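Hi,

Here is the structure I said I would pass on. Have a look at it first, and then read on for what turned up.

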Amino acid sequence: IDTLDLSYNFLSSTIPPSISTLTKLKNLYLGGEGAITGTIPTQLGELSRLEELFIFDTLVTGAIPSTLGNLENLEGLGLYA
């Protein structure tokens, strides 16, 4: 999988730290009309191939993990409520 788009799927959960096992992931889209809660897992910073990360319209709280600074290939980032 290189793209995971779970936006507008009415999900009600947290972002699992195990998402970091998707090592070939380039695009990750989460949010929209859902109730994703909790914090952004620091493990997202391990997705070294990630080019786009969008987490939007969620109930995510807490600080943005500094590990996102490890995403050297990141070209698009959107984090908003």
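Which residues have the most contacts inside the largest nonpolar core? They are Leu28, Leu44, Leu50, Leu53 and Ile55, in a core that has 15 residues. Strand 2 (27–31) and strand 3 (52–56) each supply at least two residues of this core. That fits a general habit: in soluble globular proteins, nonpolar side chains tend to be buried together. Before you go further, keep in mind that this is a predicted model.

Ile55 is a good place to start, as it turns up in the core and in the pocket. Not counting residues up to four places away in sequence, Ile55 touches Ile15, Leu30, Ile40, Leu44, Val60, Gly78, Leu79 and Tyr80. Ile55 also helps to line the largest pocket, which holds about 170 Å³ of space. The other lining residues are Ile40, Thr58, Val60, Thr61, Gly62, Ala63, Ile64, Leu79, Tyr80 and Ala81. Sorted by class, the lining comes to eight nonpolar, three polar and no charged residues.

One of those lining residues, Ala81, sits in the segment after strand 4 (76–80). Is Ala81 buried or exposed? Its relative accessible area is 79%, over the 50% cut-off, so Ala81 counts as exposed. Leaving aside neighbours within four places in sequence, Ala81 is in contact with Asp57 and Thr58. From Ala81 to Leu68 is 13 residues along the chain, and their C-alpha atoms are separated by 18 Å.

Asp57 takes us to the loop between strand 3 and strand 4. With 33% relative accessibility, Asp57 counts as partly exposed. The phi of Asp57 is near 50°, a positive value in a residue other than glycine. Tyr8, in the loop between strand 1 and strand 2, also has a positive phi, about 55°, although Tyr8 is not a glycine. Both are worth a look on the backbone plot, because most residues other than glycine have a negative phi. Tyr8 is partly exposed as well, at 46% relative accessibility. How far apart are Asp57 and Tyr8 in space? C-alpha to C-alpha it is 9.3 Å, with their positions 49 residues apart in sequence.

Next to Tyr8 in the numbering is Ser7, which belongs to strand 1 (residues 3–7). Why does Ser7 count as buried? Because its relative accessible area is 16%, and buried means under 20%. The side chain of Ser7 makes a polar contact of 2.4 Å with that of Asp5. Leaving aside neighbours within four places in sequence, Ser7 is in contact with Tyr29, Gly31 and Phe56.

The last residue on my list is Asn27, found in strand 2. At a relative accessible area of 14%, Asn27 is buried. Its side chain has a polar partner: a polar contact of 3.0 Å joins Asn27 to the side chain of Thr3. Not counting residues up to four places away in sequence, Asn27 touches Asp2, Thr3, Leu4, Leu50, Glu51 and Glu52. Leu50 is familiar from above, as one of the core residues with the most contacts.

Cheers

How values were computed: Residues numbered from 1 in each chain as written. Predicted model: local features only at pLDDT ≥ 70, side-chain atom pairs only at ≥ 80, totals over all residues. Heavy atoms only, no water. 1 Å grid on protein atoms, 1.4 Å probe; cavity = no way out; pocket = protein on both sides within 12 Å on 5 of 7 lines; lining within 4 Å. Points joined across faces, edges and corners; volume = space filled by probe spheres on them. Nonpolar A, V, L, I, M, F, W, Y, C, P; charged D, E, K, R; others polar. Core = buried A, V, L, I, M, F, W, Y, C linked by side-chain atoms within 4.5 Å. Buried < 20%, exposed > 50% of the residue type's maximum accessible area, 1.4 Å probe, protein only. Helix = DSSP H or I, 4+ residues; strand = E, 2+ residues; numbered from the N terminus. Contact = heavy atoms within 4.5 Å. Polar contact = N/O pair within 3.5 Å; in protein donor to acceptor, adjacent residues only side chain to side chain.
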